[in-house]
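Grab a coffee and work through these exercises with the model open beside you. Try each task before you read its solution.

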Amino acid sequence: MPLIKIDDRELEVQAGDKLLAVALAAGLEIPHYCYHPALSVTGSCRMCLVEIEGMPRLQTSCSVPVSELPPEKKVDGKFDMVVHTQSEKVVAARKLVLEFLLLNHPLDCPVCDQAGECFLQDYSFQHGNAHSRFIEDKRVRANEDLGSGVVINHNRCIMCTRCVRFTREIAGTGELYVQNRGYNNKIAVFDSVPLDNPLAGNVADICPVGALLLKDYIHTTRFWHLSQTPSVCTECTAGCNITVDAANNKIHRIISRVNEQANGHFICDYGRYAHNKYVEATITSPLLKVEDSWKEVSWEEAYQVIKDQVVATGGGANLRALASPVYPNETNFLLANLVDTVVEKKSLALLPIQNGDDQTFPAGFRISGDKGGNRRGTEDMTRKLTVKPQTLFRGDVGVLLALDGDGRTAIDGDVEKLLKASPFTVILASNMNKFTERANLILPVAGPFQREGTITNDRGLVQWLEPALQLTGEAKPDWQVVAELGQLLTGQASLYTCAGDVTWKISQTIAAYSRITRFKLGKKGQFVQGIK
Amino acid sequence: MTGYEPILTKHLGQPGSATLAYYLSNEGYKAARSAVRDMDRSQIIQTVKESGLQGRGGAGFPAGVKWSFIPQNSKKPKYLINNADEGEPGTFKDRLLINHNPHQVIEGMIIAAKAIDCHLAFIYIRGEFVKEARVLETALDECYNNKILGKGIFNSKYNLDIIVHRGAGAYICGEETGLIESLEGKRGWPRIKPPFPAIEGYLGCPTVVNNVETLANVPHIIANGGQWFRGIGANPESPGPKLYCVSGHVKKPGVYEGPCGTELTTIIYDWAGGIRDDNKLKAVIPGGSSSPVLKANEIDGLKMDFPSVQAAGSMFGSAGIIVMDETTDMVQACYNLARFYAHESCGQCTPCREGTTWLIKILDRFTKGQGRQEDIDLMLDVTDNIGGLIDLSYGSFGKTICPFGEAVSWPVRAMVEKFRPEFESYLTEKVTG
């Protein structure tokens, strides 16, 4: 393997790897704009120029592959490549590229949404000049709506063409192109063919400056007011990694988080805008249906009602339960445990969730049609107990304990019959929807972006779901409510003080999860046992 | 032109010189026939290597060496592209060759194609060359009808098709990787090298891109041998016949054929009739607009071949000689040149996209009498940042993907440096008009 030296760092790297990728992987910073690890290399921004010994011309580190030299040609007898990223020539070249990039840039950072996370801002500060020698008038262009909620501010654009390459290589739709030539270059869409694909929002994520903006986010907050929570999207079974940016317990945007084991670098727009779906009709206290209208009750009253209803409908033996693939493993595990303890025969089914077609994009990005984000985990947690829904409405049907489907519940014939057969339905939910309306009692629990625990994607990757929002009103964590219900119905004290405790219990109970604990998962997750 | 018989332009002006019948009656396609039927790849490449033929598009890369870079054992198809996108200001030789003797060029292509084992070749012709494209189409039709192209040419087992592809009039598509992108139907943005086209070119396959004039030389090399070719001209390191395009302030502008190494003064004064109105010579651009300008006193005894012009601090390039007499306003000339490059910059790389327009904005102010003293050094600095300092010893040395960066910054830099007092006079004297 070639041995290279970048400034003072010696690195052993794979021959053929590109210098910039190698440096970034080693934690070294080489400023760059047009390079993106998931896109093809163009080498056009000229920001990542470095000096390589033996090459008179500065090289773009993004495009130079590392190769092995024959022994007699090695530099200092051992190096295959000696790279300087801070030499006088490189520092000067970088300054000048930045000067060029800022010639027509409006420097409107105070009103720019990218400010604070802008590579033009950062690199100008670190490597650029304080003053420009450009005294001519700056070029001014109007903003344009590109479609799919993406707006372009041409004045801030540095023509890195990441967005163009994204629509061609990742989305495969190719709506964006470079219009005109040279100085008149601009990113554009063809006449009457707007940006229109389910991955469109990513162009704003990968834009290194404030040129491509999401209408949904524009001028809503400042970057430094946001708290960034690394989490996982539960809108489908792909389990894409996201960063949830919130301020004052309100989500302002969701951006992708890199995880090569899951989504790679991107997310889809369904996930990106998912938070907008859950803003309305949040349930903040237990609700009891009294003569077709909801009455707010306390938790104590709610639990008392459940206890009374269970007794009135023939006891725990007639209990029915619906686990939900939108809830984490912990909640479903506890629900399964409850059923296992209280009921003798199998009386738990999975809540049916709306299903669509899978979508796969040219570079392999996929959106699963199965909108039950934790389908696999839920199945793993409840495998021993689950039955088909139609068996649940046979015999004496007692209290039905159900987890909600976040508005994605497919209320099919079986569910309909079950709801009709159930004398008293308790649904754990965060938002009002068609399914929760059928309840007799709603217990407010953590909703999307408030839940905590593990979820397992359709490829067996277990990831930690980090809550980005605090609970509102009287709502409690979903796992905790199920644990309390268990305590209520079995009389056994709950041992769990946090979701991680339940995760540990799962690792003790289910073989495939034996190595999964909260802290082992980290930010990238871990595959269940038996999967490579 | 004593003692030199034109080779490339021998049949120029003869009635019907563009027809196959005329070409065949003058020993046409003999070289191609023998190359296809009797020679193998390595023999052709060896002969061309021996001849020392250098690329006539401007870079002067040895043609035989370029062909030998094509991997022998690659299973991918190989492609030959004839670069007829003659766009360099001051250069107008290729269109002449195509117009008057297209079969000479096609014959060169057949030989080159055989040398690199190519069965599909392209002629990428500049969009404005409508007539030339028709001439080529007609000539290709004649070839297909006479089994010179198509399946089993010259009754051998060798197949070759040639397609004429018209460009859309962008200067940058004359750069070989920009041309390949354009030919693939994409935007003509040059590719980053390596990989070079010889390894990954058209559609990712090994590709050779040669200039029209380079290919026109090939039949003569095969017919007469490499040593014969190397003997033409003053310098065996840079030999062969050459078309000199003389334009600007001369009495008889035009294309002149002579051996490489002809003195520049001979070309300007003897062939082109000297400076118009017998004015004094001020400056000469020797190799197309991308080459740094030479002052009148720098061309004495200058031989026109690749190493000699390079030693004089400029480039032989495409031998597009632009002559400027004493009436020339160098600030305006520089502005004109810079405007061309700003217009043609493809805009892919930051320094070229931003720098070329910055230069013309500064020059525009100059011509309006709004220049500042510091602008002169600023212009020099901007050219450095696009194309790097003029240093021909390294070859391409700029900060951009393709040599366009050098092509704009070196001539502008040379003009500003060499005629600095003229630029300074714009600061002090009142500008009229």
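**Exercise 1. The contact between the chains**

Work out how many residues of chain A are in contact with chain B, and which helix of chain A gives the largest share.

Solution. Keep in mind that this is a predicted model. Start with the count: 26 residues of chain A touch 24 residues of chain B. Next, sort the chain A side by element: helix 2 (residues 88-102) of chain A supplies the largest share, with 5 residues. Finally, sort that side by class, and you get 15 nonpolar, 6 polar and 5 charged residues.

**Exercise 2. A lysine in a loop**

Decide whether Lys399(B) is buried or exposed, then find its contacts beyond four places in sequence.

Solution. First, locate it: Lys399(B) sits in the loop between helix 15 (373-387) and helix 16 of chain B. Now count the neighbours. A residue is buried if 20 or more other C-beta atoms lie within 10 Å of its own. Lys399(B) has 25 other C-beta atoms within 10 Å, so it is buried. Then list the contacts, leaving aside neighbours within four places in sequence. From chain A come Arg46(A), Leu49(A), Leu58(A) and Ala93(A). From chain B come Pro351(B), Asn385(B), Ile386(B), Gly388(B) and Gly405(B).

**Exercise 3. Helix 14 of chain B and its partners**

Classify how helix 14 of chain B packs against helix 13 and against helix 16 of chain B.

Solution. Two packed helices are described by the angle between their axes and the distance between the axes, so collect both for each pair.

1. Helix 13 (residues 330-344) and helix 14 (residues 350-367) of chain B pack at an angle of about 150°, and their axes are 9 Å apart. Angles over 145 degrees count as roughly antiparallel, so helix 13 of chain B is roughly antiparallel to helix 14 of chain B. The crossing of helix 13 of chain B with helix 14 of chain B is left-handed. Residues making the contact include Tyr335(B), Ala338(B) and Ala342(B) of helix 13 of chain B and Ile360(B), Leu363(B) and Phe366(B) of helix 14 of chain B. By class, the residues of this contact are 10 nonpolar, 4 polar and 1 charged.

2. For helix 14 and helix 16 (residues 404-418) of chain B, the axes come within 10 Å and cross at roughly 25°. Angles under 35 degrees count as roughly parallel, so helix 14 of chain B is roughly parallel to helix 16 of chain B. This crossing of helix 14 of chain B with helix 16 of chain B is left-handed. The contact is built from Pro351(B), Cys352(B), Thr356(B) and Leu359(B) of helix 14 of chain B and Phe404(B), Gly405(B), Val408(B) and Val412(B) of helix 16 of chain B. Here the classes come to 6 nonpolar, 2 polar and no charged residues.

**Exercise 4. An enclosed helix**

Explain why helix 4 of chain A counts as largely enclosed by the rest of the structure.

Solution. Go through helix 4 (residues 162-170) of chain A: 7 of its 9 residues are buried, so the rest of the structure largely encloses it. Those buried residues are Arg162(A), Cys163(A), Val164(A), Arg165(A), Phe166(A), Thr167(A) and Ile170(A). Now look for the cover, which includes strand 8 (176-179), strand 9 (186-189), helix 5 (202-206) and strand 10 (212-214) of chain A. Just after helix 4 of chain A, you'll meet Gly172(A) with a positive phi of about 75°.

**Exercise 5. Backbone oddities**

Identify what stands out in the backbone at Pro194(B), Pro195(B), Asn249(A) and Phe154(B).

Solution. Most residues other than glycine have a negative phi, and most peptide bonds are trans. With that in mind, check the prolines. The Lys193(B) to Pro194(B) bond is cis, with omega near -5°, and the Pro194(B) to Pro195(B) bond is cis, with omega near 5°. Pro194(B) lies in the loop between helix 8 (176-183) and strand 4 (207-211) of chain B.

Now the phi values. Asn249(A) has a positive phi near 55° and lies in the loop between strand 12 (241-247) and strand 13 (250-256) of chain A. Asn249(A) is exposed, with 12 other C-beta atoms within 10 Å. Phe154(B) has a positive phi near 50°, in the loop between helix 7 (130-145) and strand 3 (161-166) of chain B. Phe154(B) counts as partly exposed, with 16 C-beta neighbours inside 10 Å.

Notes. Residues are numbered from 1 along each chain as its sequence is written. Chains are lettered from A and ligands numbered from 1 in the order in which they are written. This is a predicted model: local features need pLDDT of at least 70, side-chain atom pairs count only at pLDDT 80 or more; totals for chains, interfaces and linings use all residues. Helices (H or I, at least four residues) and strands (E, at least two) are DSSP runs, numbered from the N terminus. Two residues are in contact if their C-beta atoms, placed from the backbone, lie within 7 Å. Axes are lines fitted to C-alpha atoms, for helices over the stretch in contact, and angles run from 0 to 180 degrees between N-to-C directions. Angles under 35 degrees count as roughly parallel, over 145 as roughly antiparallel, 65 to 115 as roughly perpendicular and the rest as oblique. A crossing is left-handed if the near helix is turned anticlockwise from the far one by less than a right angle, and right-handed if clockwise. Ala, Val, Leu, Ile, Met, Phe, Trp, Tyr, Cys and Pro count as nonpolar, Asp, Glu, Lys and Arg as charged, and the others, Gly among them, as polar.
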